[in-house]
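Me: I would like to go through the ligand site and the pockets of this protein. Please show the structure before we begin.

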Amino acid sequence: MLELFPESAKVERGELEVGGLGARELAERFGTPLYVFCEETIRRRAREVREAAPGAQLVWAAKSFPNVALLRLLAEEGYGALVASLGELAFARAAGLSGEQLVVHGNAKPDEQLRAAAEAGALVVLDAEGEAARAASAGVRRVLVRATLGVEADTHEAVQTGHHGSKFGLPPDAVLRVIEEARDLGLEVAGLHVHVGSQLSDTASHEETIALLGQLVARCRDELGWAPELLDAGGGFAVRHVLEEPEAPLGALVRSVVGSVERAFAEHGLRQPALLLEPGRALVGRAGVTLYRVRSVKRLDGVTWAAVDGGMSDNPRPALYGARYTALSAARADEPATETVSVAGLHCESGDVLIDDVALPPPRAGDLLAVPATGGYTLGMSSNYNATPRPAAVLVRDGNARVIRRRETIDDLLALEQ
Ligand code: LLP
């Protein structure tokens, strides 16, 4: 199961270590639940994408774990940021990213976000007819137009984005109209944007999308005399959360996108565009482990419940998407996993179950559980349900840990009340 954990993870005398630190020490120093990130894993994944797409412009989809320290770390690896809101834009600016390193997208961007994007000098992805005029009056100069080409990605329907009828992007005829509208307004239309979905572990939907994009670009050339200099192929590269899910070889997935673009453009006799990629979860998902403390154990009617000190407030994915996770008994990892356990969250609803079935050593109150592959879309989608403060996050490397987000307190929550 260690292959689901960060690269630095190992078990020493029954205890999980990440970044050279034992799970017990991490839990004692920083409390639980705790998001633990392995710096080495993030850097390696970032390099894997870069090596698979040499020369591409890379931006990290910050929504996957919005955090200033991680934005800075990835900037050291040459990554800008894809930001989906004014808040994410502010995080990226706080991390010191410049406008040229930012791509601003969203299907309902407020004027304030367009103005902030313009002020920073960021590239803006137009997502609707009429938005070009709002972007131009906000002072935006350079844009992409997001195309939706009717490809149904093989993933959970909540994270499909490129199908017919999607709320994102525009079908081909509208793309052509928006390109014209934007050019008439004096905007520089640098290129096109597609993002077909998330958690894609094979190359089929990217390939199909890019082939259709080749046809669309040929139409743009023939009908508008315009062709993109930049092609943003989005993100969506999967992370494996349980061993039953297919492996998602990041380098190979990215290489396939690069190859598809080359083929599609060559087939239509088009000049090769510069490529932009927006991986999110693929950079941070495997790097993150969540540590929980078991608070109580119940054995009822054939079900063993281990109730932990977190749940759907720190990771809503199981409740929202039926996402599967697994766990390791982090301080008893060498004991035989003889009991099938359901890991319950602490929140006041029956749907708050983090893991349906995982084999563990017979659990006891006080045990530590480590849930791997939780670096993506956990904190970013977290809530304060039941007035629960959000966990802290630490970055670990070579035996050192650094808090990159402090734990919220009840006083933080009370400070919002009037
Ligand atoms: N580019 C665009 C335009 C996006 O909308 C997204 C994610 C990405 C890139 C990055 O996708 P990634 O490489 O991380 O798959 N909350 C869901 C995922 C929503 C993804 C939203 N867009 C989940 O927990 O699975």
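**Ligand and pockets**

Reply: A nitrogen atom of the ligand has a polar side-chain atom of Tyr321 at 2.8 Å. This is a polar contact, a pair of N or O atoms within 3.5 Å. The model is predicted, with local features needing pLDDT of at least 70 and side-chain atom pairs pLDDT 80 or more, while totals for chains, interfaces and linings use all residues. Residues are numbered from 1 along each chain as its sequence is written, and side-chain values use heavy atoms, without hydrogens and water.

Me: What percentage of the ligand's exposed area does the protein bury?
Reply: Accessible areas come from the Shrake-Rupley method with a 1.4 Å probe. Taken alone, the ligand exposes 580 Å². The share of this that the protein buries is 92%.

Me: Which residue has a side-chain N or O atom 2.6 Å from a nitrogen atom of the ligand?
Reply: The ligand has 21 residues around it, each with a heavy atom within 4 Å. Among the closest are Ser198 and Arg317. The side chain with an N or O atom 2.6 Å from a ligand nitrogen belongs to Glu278.

Me: Between which domains does the largest pocket lie?
Reply: A pocket is an open set of points on a 1 Å grid over the protein atoms alone, where a 1.4 Å probe fits, with protein on both sides within 12 Å along at least five of seven lines; lining residues have an atom within 4 Å of a point. Both domains, whose bounds come from an automatic or database assignment, give residues to the lining, so the largest pocket lies between domain 1 (2-31 + 287-414) and domain 2 (39-282).

Technical notes: A polar contact is a pair of N or O atoms within 3.5 Å; within protein, one must be able to donate a hydrogen and the other to accept it, and residues adjacent in sequence count only if both atoms are side-chain atoms.
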